[in-house]
Amino acid sequence: MPCPSSLPNPIFGYLAGLQLAPPSEPHQPAFFDPPSTKSTTNVQTVLTPICEKAQEFIHALLPPYGEHHVYRTFAVGLAVADLVGWTTSPQSEELGWDRDLWFLTAILHDIGWDMQENLQSRLSFEIYGGVKAREMLMGWGASQEVADEVCESVIRHTDFAASSGSLRLMAALVQIGAGHDLLGLAATSLLHTEDNLIVNKRWPRLGVAETLDESLGSELKHKPGCLTSKWAAGVLGGGMIGLECYRGLEGEREDDAEWKERRKAVEVDTRRAAGGAFYDYTARYGGVRDEDKLTLRQSLEQEIDRAESGPRMASEIERLTQTLEISHLLDLPLIALSNGQTRRAHIVSHLLRDPKVLLLDEPLTGLDVRNRPLLLRIISELHAARRPRIVLGLRKQDAIPDWVTHILLAQRESFVAGTKEEMKEHLVQNNGESPSIKHENGQSGSVMSIRPRTPAKALVEMQKLCVTYADRKVLKEIDWTIREGDRWHLQGANGSGKTTILSMIMGDHPQSYLQPHFRIFGKPRRQTSTILLQQQIGFVSPELFNAFPRRAGPHGLTVRDAIGTGLHSTFSYRPRTAEDEARIDEVLTKLGPEAWSTEGDGSRTARTSKDFASQSFALLPIAEQSLVLVIRALVARAPLLILDEPFAGMTDRMVEIVKAYLREDLLEAQAVVFVTHWDQEVPWPNVKKILLQDGHATES
């Protein structure tokens, strides 16, 4: 078959026009080997140094599902090229066929896919990946011609929407291979059934389409108008990529029953909740999709509609939100609310369902001192009306309201219940602490000097830092320096800007780039990529807890994997060294189940750190998930720790051992910013304090 000098776009329309017969014979398994093993003629070849470096780079960069996807793209594209004759035609060299070049193009085509790293650039992920591939290839010693060819193909590999123009061969093959892998339809007739089985067995798909949904969603949030927006409408939700991108090329196929069933299944998946996948909780600082513009008022009205609780509860929106002092937030997007504001909104949402019994587990966590009595007052009113009946889950430090009549005390090995009067003695015994671990000032553990030798190195330097949204000034000329060895307690009411100032330090907030006098780790913020910045910060927060991926099953994260993501500041599996594994074991020895669980305490968790580390993170109780994410923040021994409400959901014993670790096991030079509304949660007897109020900061 003669080869054109370039291929028409769309490539699938061109392939359909060729009216190719399906392959009559399958390929041998060795045909799909990377060029390091055998060529198409089964002659032994030696892997070029550049291909070898590309293989090693991809193995280190991409999680297993991403790595398998690029190899599947290579295999499918290779098989189709062989069927059409692009690999064997006398004109194949003129067209641009080269097996090594195809291998490099295929396995590098998605290096812009890494969600955290690619979002540090304003470039669309295809352009970002192409530029990065070119840079890597030139660094490995590839010719400019090879680097340019790969760059061009990576940039154009999602050019599905084009209805005219032409493609180079490598770009066309990436569209064919990746399109087949992500939708399973476009190239099916061009592959032998046995070829599909070989590729599937060698490189299982591992949920690649669902993960692409997450990445595309984050891309569209942060980069309105990106290349992806040309073809990704309707993609999100586990499979719409196939239906939306290709039905314009193949037609609606309304006469195809299989197509209808596939579309029906996909549309159901699209409506389904994320189900444990990571979501980008930093989107509040960037572009917001339409579905993220849902306001607090709209959310509460929807709650009433779902609960069918009637007009009486509809009139309660204003009263309840005014009582909890969030009525001024009713017309703000939900995603813009602070952690404390979100907690109060959730309570209002549940009250609007008009329940007969209301269970509130740790309702005071995350609420500032001023808002705790407000919440307790409204709960007291509900209790007095007996609608609903109230059950509170309180921590040791939470005061028991006067109107509580009965108490159930959960101890390590038993439960004790009775009236409040009957339980007084038990409460005194339960709240007592061993004198051997208690200081005169009420703090536990050994006293640790919070001031290293002077002069200490500055890790974060803010001068006149401001954050403004239109006419609203959230932070006003903040001056704050965090030095090595510092222990800071960040204070402020809900909505005072604590989360915003932390997002500036983390590099998540786009306005961090605009500050003229903002240095982090010795460099101006704008000179450090966000991924490199975050690799030097151990971080945990309520937002991270809610967003962290929780996939169960063989492809989900184990406890060890979840902790290991803290070594690279990622949210997916990365290969670990022996040194990494030893460090994880070291922290688990001190903070694992041997330290906080006892036989007979009713916990479902294994009693050894080894067994605990192999459990599914998604299936752990909430308290243990909270602890694992704190360990994740600690594992890398980062120069700076940001611990935002780290004890939320933990048992008392877990809190004790984490506080002891923070006092005794941190490096002397590690700095900590600790966020809590409860002074007794602060691990150290002496700390520096910074209070945010009305946009200003006051140190003490």
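Q: Which residues are linked with R560 in a network of salt bridges?
A: Happy to start here, with the reminder that this is a predicted model. Side chains of opposite charge can pair when their charged atoms come close. In this structure, several such contacts join into a network of salt bridges, and R560 is one of its members. The residues linked with R560 are D561, R576, E581 and D585.

Q: How many salt bridges does a search of the whole structure find?
A: The network around R560 and D561 is a good place to begin, but the search takes in the whole structure. The number of salt bridges found is 15.

Q: Which residue forms a salt bridge with R134, and in which helix is that residue?
A: R134 lies in helix α7 (residues 125-139), and its partner is 14 residues apart, so the pair links distant parts of the chain. The closest N and O atoms of R134 and D148 are 2.6 Å apart, which is within the 4 Å cut-off for a salt bridge. The partner is therefore D148, and its helix is α8 (residues 144-155).

Q: Is D148 buried, exposed or partly exposed?
A: Buried would need under 20% relative accessible area, and exposed over 50%. D148 has a relative accessible area of 29%, and its partner R134 has 28%. Because the value for D148 falls between those cut-offs, D148 is partly exposed.

Q: Where is R637, which forms a salt bridge with E586?
A: The closest N and O atoms of R637 and E586 are 3.2 Å apart. E586 sits in helix α24 (residues 578-591), 51 residues apart from R637. Both count as partly exposed, R637 at 27% relative accessibility and E586 at 36%. R637 itself is in the loop between α27 (622-634) and β13 (640-644).

Q: Why are E656 and R653 separated by about one helical turn?
A: The side chains of E656 and R653 meet in a salt bridge at 3.0 Å, N to O. Each is partly exposed, with a relative accessible area of 29% for E656 and 28% for R653. The separation of about one turn arises because both are in helix α28 (residues 652-664), three residues apart.

Q: Which residue in β8 stands opposite L465?
A: Let's turn to the strands. An open, antiparallel sheet has four strands in the order β8-β7-β10-β11, and its edge strands are β8 (472-483) and β11 (523-524). Strand β7 (residues 458-469) pairs with β8 over eight bridges. Opposite L465, in β8, stands I478.

Key. Residues numbered from 1 in each chain as written. Predicted model: local features only at pLDDT ≥ 70, side-chain atom pairs only at ≥ 80, totals over all residues. Heavy atoms only, no water. Helix = DSSP H or I, 4+ residues; strand = E, 2+ residues; numbered from the N terminus. Buried < 20%, exposed > 50% of the residue type's maximum accessible area, 1.4 Å probe, protein only. Pairing = 2+ DSSP bridges.
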